[in-house]
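Please work through the exercises below with the sequence and the structure at hand. Each task is followed by a solution in steps.

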Number of protein chains: 2
Amino acid sequence: MIENKLITAIEIEAKAKELKSKGYPVISLAIGEPDFPIHENIKKSINKAILENKNYYPNPQGVVELREAIAEYETKRKKIHISPDEILITAGGKPVIFYTIFSLCNSDDEVILFEPYYLVYPYWCKVLNIKYHTIKLNEDGLIPKDQLLKHLNNKTRLLIINYPNNPQGSLMTEENLELLLEVLDKYPRIYILSDEVYSELVYEGEHISIFSYNKNRVILLESFSKTFCMTGLRLGYGIFPKEIIKNLVTFNSNLITGPATPIQYGGITALKDNEVKNYVNFMREEFKKRRDFVYEKLKILVKFKPKGAFYYFIEIPYDSLEFCNKALNEKFLALTPGSLFGDSFKNYVRISFANSMENLDEGLSRFLSLL
Amino acid sequence: MIENKLITAIEIEAKAKELKSKGYPVISLAIGEPDFPIHENIKKSINKAILENKNYYPNPQGVVELREAIAEYETKRKKIHISPDEILITAGGKPVIFYTIFSLCNSDDEVILFEPYYLVYPYWCKVLNIKYHTIKLNEDGLIPKDQLLKHLNNKTRLLIINYPNNPQGSLMTEENLELLLEVLDKYPRIYILSDEVYSELVYEGEHISIFSYNKNRVILLESFSKTFCMTGLRLGYGIFPKEIIKNLVTFNSNLITGPATPIQYGGITALKDNEVKNYVNFMREEFKKRRDFVYEKLKILVKFKPKGAFYYFIEIPYDSLEFCNKALNEKFLALTPGSLFGDSFKNYVRISFANSMENLDEGLSRFLSLL
């Protein structure tokens, strides 16, 4: 059912949903999708925009008021001035990955990815025929300095990092931050794409963003999907250096124009509404409880709790694709195979705890019964 | 203000909106956007989907019920069986252009475009480094047989056609249909991308779709934007041959996942609701009245009324970019420069009649005062 080729967590989820719609008692701990509904105030503002006929083509860089709201929100969070002109609103965070690789890299350039990686990074490198090197993160989810320095050369154009990390749950450290800033200093051609879609889901410690330290050479990728449970509404953004963004606005305009206009108005409410802010805090606390609950059930298998995001990444004594197929077909349990995160993780599975305690309890029991 | 480079009608419209928001009495006859609001039943069904929490990631090929509705709708319209598996739901129609060129063409292949063209076609050829030839349509908006046959060769991979035509308003004829079917027969490598987003906006004669005659070699591009006034909601679809669609689902999944889930539910209502059907008929009649009104005002300048779509494409004794700049800056009138439709049309402007009678009256007076 799950073929041994490029396949996304979303495709596995689609298969799980199909089985569920046929009446099978499927539990999915596969996809990175909060189970909480979107806050009522966001829903209301989208519905209001639709009724007020804010349904015409959006500005291809994004609705101005939303870019203003993001500029204010990120200026505060990142402690560095950001202007609406530097922001491109995209249909979720994934276009920022494609746009960045496409606009920065030529066929001679090289990209550095860190394993375990989000499958979308190597996908676009492969599709665009851009060479990439993979460096395995340390067991604690951090960048090994010696490995990174060994792989850098004059062709290196882009590093893609992801903190808080999916699937390891690690945060960027001061040490790694210094290392990366040194790399930017030493290699003037290199840019960093910093995927920070889990920035608001941190349970211990603090999220450090390299974007705060060198926004001329770092592209920030953010999304409304995880923080505001807006996965299906497809709203995200990139903050780009000025020399890149102008062509990308035209690119975006020729590709999709932009995310649906009324949904962009919902994004303004997400960022500005105080009740939504409290809701995000509430969800973070709930995710933390679930994280702790899962730890209790799996502590024979895992060494530490994730500091951020909402996944456990677990080594198993089986091939992950076969195991996940079996879990879905025999136990109606959807999990994400570790092989999707890189060749080093063929014996891993990713378990999402973005699900109810009941589903986690039952899902983990099914998982443990397979070991 | 409008730079002499790749620029889209949407960017001109954004500039016009910006001026309008600053208080200038802007009238835009530039963009291809119906001024009618979205039908209440479509709005209601989107709002209902949002309130019912149909806000999770969509199936990356598109919500199944929407694909089923499209399959039924197109099977009826095209008089040929279409299955939901052949349909990919996209964020408006433009992704279908990019996806098609990207999936079919390699660097050795050639694309044939017909001038005047929709700017998005050559944009993607250029960005993807695919060679294209341009053939100028006859004055009546039809394909000149001799020219087409002269340009075909073993490298030709894709023809992109657009009927009802933007900006000429012409329809596909039986003669052109036969010509294109012969080309498909004679050149087994060639596919045709048939952009039919104006298929429901026909005022005289009948829309013929080549897709009905050879769906194995024709990709159908359709959109909810023009027919249902859903421009800002970004909903469209492609119907693809089976050997192409599978990879495109993964492509779409890695790029944007899909259009926003609740908006896909609105698409179902657009296709199935009888009141919406009546509304489309009402709009078509209104557009026809406007077309006739514009003809009366411009008949010194134009030779015939457009049969479909909602534009007049008019020759002027000026450089179109300069003229459009002047119109916007001095008369606050937004028009689309003909140069966007190909080098042969540097002395043309496109005037959209998707606007109220009042705005058309005032806008055309401003236009005429500039001649």
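The exercises that follow concern a predicted model.

**Exercise 1. The two domains of chain A**

Determine which residues make up each domain of chain A, and how far apart the domain centres lie.

Solution.
Step 1. The domain assignment of chain A places residues 9-32 and 276-369 in domain 1, and residues 41-273 in domain 2.
Step 2. Taken over C-alpha atoms, the centres of domain 1 of chain A and domain 2 of chain A are 25 Å apart.

**Exercise 2. The interface between the domains**

Describe the interface of domain 1 and domain 2 of chain A by its contacts, its buried area and its polar pairs.

Solution.
Step 1. Count the contacts: 29 residues of domain 1 of chain A touch 31 residues of domain 2 of chain A.
Step 2. Consider the area. The size of an interface is often expressed as the accessible area lost when the parts come together. Between domain 1 of chain A and domain 2 of chain A, about 2600 Å² is buried, and carbon and sulfur atoms give 59% of this area.
Step 3. Look for charged pairs. Side chains of opposite charge can pair when their charged atoms come close. The rule finds three salt bridges across the interface of domain 1 and domain 2 of chain A. As a worked check, the closest N and O atoms of Arg284(A) and Glu200(A) are 2.9 Å apart, and the cut-off is 4 Å, so this pair counts as a salt bridge.
Step 4. Add the polar contacts: there are 17 residue pairs in polar contact between domain 1 of chain A and domain 2 of chain A.
Step 5. Identify the elements on the side of domain 1 of chain A that touches domain 2 of chain A. Both α10 (274-298) and β9 (311-315) of chain A supply at least two residues each, and α10(A) has the largest share, with eight residues. By class, this side of domain 1 of chain A consists of 16 nonpolar, four polar and nine charged residues.

**Exercise 3. The interface between the chains**

How many residues of chain A are in contact with chain B, and which residues and helix of chain A give the most?

Solution.
Step 1. In chain A, 59 residues are in contact with 59 residues of chain B.
Step 2. About 4900 Å² is buried between chain A and chain B, with 59% of it on carbon and sulfur atoms. Tyr56(A), Tyr57(A) and Asn254(A) supply 16% of the area that chain A buries against chain B, more than any other three residues.
Step 3. The rule finds zero salt bridges across the interface of chain A and chain B, but it finds 28 residue pairs in polar contact there.
Step 4. Several helices of chain A each supply at least two residues of the side that touches chain B, among them α1 (9-21), α2 (40-51) and α8 (242-255). Of these elements, α8(A) gives the most, with seven residues. The side of chain A that touches chain B divides into 32 nonpolar, 16 polar and 11 charged residues.

**Exercise 4. The relation of the copies**

What rotation and shift superpose chain A on chain B?

Solution.
Step 1. Two copies of a chain are related by a rotation about an axis and a shift along it.
Step 2. Chain A is superposed on chain B by a rotation of 180° with 0.0 Å of shift along the axis, at an RMSD of 0.0 Å. The two copies are therefore related as by a two-fold rotation axis.
Step 3. Among the residues of chain A, Asn47(A) comes closest to the rotation axis, at 2.8 Å (C-alpha).
Step 4. Of the interface residues of chain A, 100% are also interface residues in chain B, so the copies meet through the same surface.

Technical notes: Residues numbered from 1 in each chain as written. Chains lettered and ligands numbered in written order. Predicted model: local features only at pLDDT ≥ 70, side-chain atom pairs only at ≥ 80, totals over all residues. Heavy atoms only, no water. Domains from an automatic or database assignment. Contact = heavy atoms within 4.5 Å. Buried area = accessible area lost by both parts, 1.4 Å probe. Salt bridge = Lys/Arg side-chain N within 4 Å of Asp/Glu carboxyl O. Polar contact = N/O pair within 3.5 Å; in protein donor to acceptor, adjacent residues only side chain to side chain. Helix = DSSP H or I, 4+ residues; strand = E, 2+ residues; numbered from the N terminus. Nonpolar A, V, L, I, M, F, W, Y, C, P; charged D, E, K, R; others polar. Least-squares fit on C-alpha atoms with pLDDT ≥ 70 in both.
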